[in-house]
Amino acid sequence: MSLIHLIDFPPLGDERGSLVALESEQTVPFNIKRVYYLFGTQQGVARGFHAHHNLQQVAVCITGKCRMILDDGHHREEVWLDSSTKGLVIGDLIWREMHDFSEDCVLLVLASEHYDENDYIRDYEEFLEVAK
Ligand code: TYD
């Protein structure tokens, strides 16, 4: 089964321009408790390099692009997030890395839980053990 689960957000544009609405438990398949965004990422910097025990997320590049790698401990897949109408669903126990941020990239992330450092697995070997 593919690790890449994309949601196509319906664009609600008209002649004035575009609009996307993200609704908790509708467009986004969980209750949204937290929203954060990455911007101003320096060229050549990669981020992420962690998994979570209990966290659902949807990531969307609302401007620019970046390359997302997902890894379930058995295989890796990658996808370019390069559209403001394309959301990537990231579930529990998925190692994620973000690479090749464009200068203008704004990566919006919707999350099912509040921030909790104890939920992070930041060591890849530990992740492989937990994911087994
Ligand atoms: P981190 O999750 O390590 O960033 P990334 O995985 O994108 O490389 O977060 C960077 C810092 O920001 C870290 O000190 C934790 C803090 N942080 C919060 O306080 N709240 C949040 O919701 C997030 C995502 C991070």
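Strands in this briefing are DSSP runs of E with at least two residues, and helices are runs of H or I with at least four, both numbered from the N terminus. The model is predicted. One part of the picture is an open sheet of five strands with antiparallel pairing. Another is a ligand site to which β2 and β3 (47-52) each supply at least two shell residues. Several single residues are also described, among them Asp71, which is buried, and Glu25, which is exposed.

**The five-stranded sheet**
- Across the open sheet, the strands come in the order β1-β7-β4-β9-β2.
- Strands β1 (5-8) and β2 (34-39) form the edges, and each of these two pairs on one side only.
- On average, neighbouring strands of this sheet are turned by 25° against each other, with direction ignored.
- Within the sheet order, β4 stands between β7 and β9.
- Strand β4 (residues 57-63) and strand β9 (residues 106-111) run antiparallel and are joined by six bridges.
- One residue pair in this pairing is Val60 with Leu108, its bridge partner in β9.

**Pairings of β3**
- Strand β3 pairs with strand β8 (residues 95-99) in the antiparallel sense, over three bridges.
- Arg47 has Met98 as its bridge partner in β8, and both Arg47 and Met98 are listed among the residues around the ligand.
- Strand β3 also pairs with strand β10 (residues 120-121), again antiparallel, over two bridges.
- In β10, Tyr120 stands opposite His52, and Tyr120 is also one of the residues around the ligand.

**The ligand site**
- Around the ligand are Arg34, Tyr36, Leu38, Arg47, Gly48, His50, Met98, Tyr115, Tyr120 and Arg122.
- By type, this shell divides into five nonpolar, two polar and three charged residues.
- At least two of the shell residues come from β2, and at least two come from β3.
- An oxygen atom of the ligand lies 2.4 Å from a polar side-chain atom of Arg34.
- For Tyr120, a polar side-chain atom lies 2.8 Å from an oxygen atom of the ligand.
- Gly48 takes part through its backbone: an N or O atom there lies 3.0 Å from an oxygen atom of the ligand.
- On its own the ligand has 530 Å² of accessible area, and the protein covers 61% of this.

**Two residues in strand β5**
- Arg67 belongs to strand β5 (residues 66-71).
- The relative accessible area of Arg67 is 16%, so this residue counts as buried, the cut-off being under 20%.
- Arg67 and Leu128 are 61 residues apart along the chain, and their C-alpha atoms are separated by 22 Å.
- Asp71 is also placed in strand β5.
- Asp71 is buried because its relative accessibility is 1%.
- The side chain of Asp71 makes a polar contact of 2.5 Å with the side chain of Tyr124.
- A polar contact of 2.9 Å links the Asp71 side chain to that of Arg76.

**The loop between β1 and β2**
- Val28 has its place in this loop.
- With a relative accessible area of 0%, Val28 is buried.
- Val28 and Ile7 lie 21 residues apart in sequence, and the distance between their C-alpha atoms is 8.3 Å.
- Glu25 lies in the loop between β1 and β2 as well.
- Unlike Val28, which is buried, Glu25 has a relative accessible area of 58% and therefore counts as exposed, for which the value must be over 50%.

**Positive phi outside glycine**
- Most residues other than glycine have a negative phi.
- Glu25 has a positive phi of about 60°, although it is not a glycine.
- Asp100, also a residue other than glycine, has a positive phi near 55°.
- Asp100 is found in the loop between β8 and β9.
- The relative accessibility of Asp100 is 42%, so Asp100 counts as partly exposed.

Note on methods
Residues numbered from 1 in each chain as written. Predicted model: local features only at pLDDT ≥ 70, side-chain atom pairs only at ≥ 80, totals over all residues. Heavy atoms only, no water. Pairing = 2+ DSSP bridges. Axes fitted to C-alpha atoms, helices over the stretch in contact; angles between N-to-C directions. Near = heavy atom within 4 Å. Polar contact = N/O pair within 3.5 Å; in protein donor to acceptor, adjacent residues only side chain to side chain. Areas by Shrake-Rupley, 256 points an atom, 1.4 Å probe, with all protein chains shown as cover. Nonpolar A, V, L, I, M, F, W, Y, C, P; charged D, E, K, R; others polar. Buried < 20%, exposed > 50% of the residue type's maximum accessible area, 1.4 Å probe, protein only.
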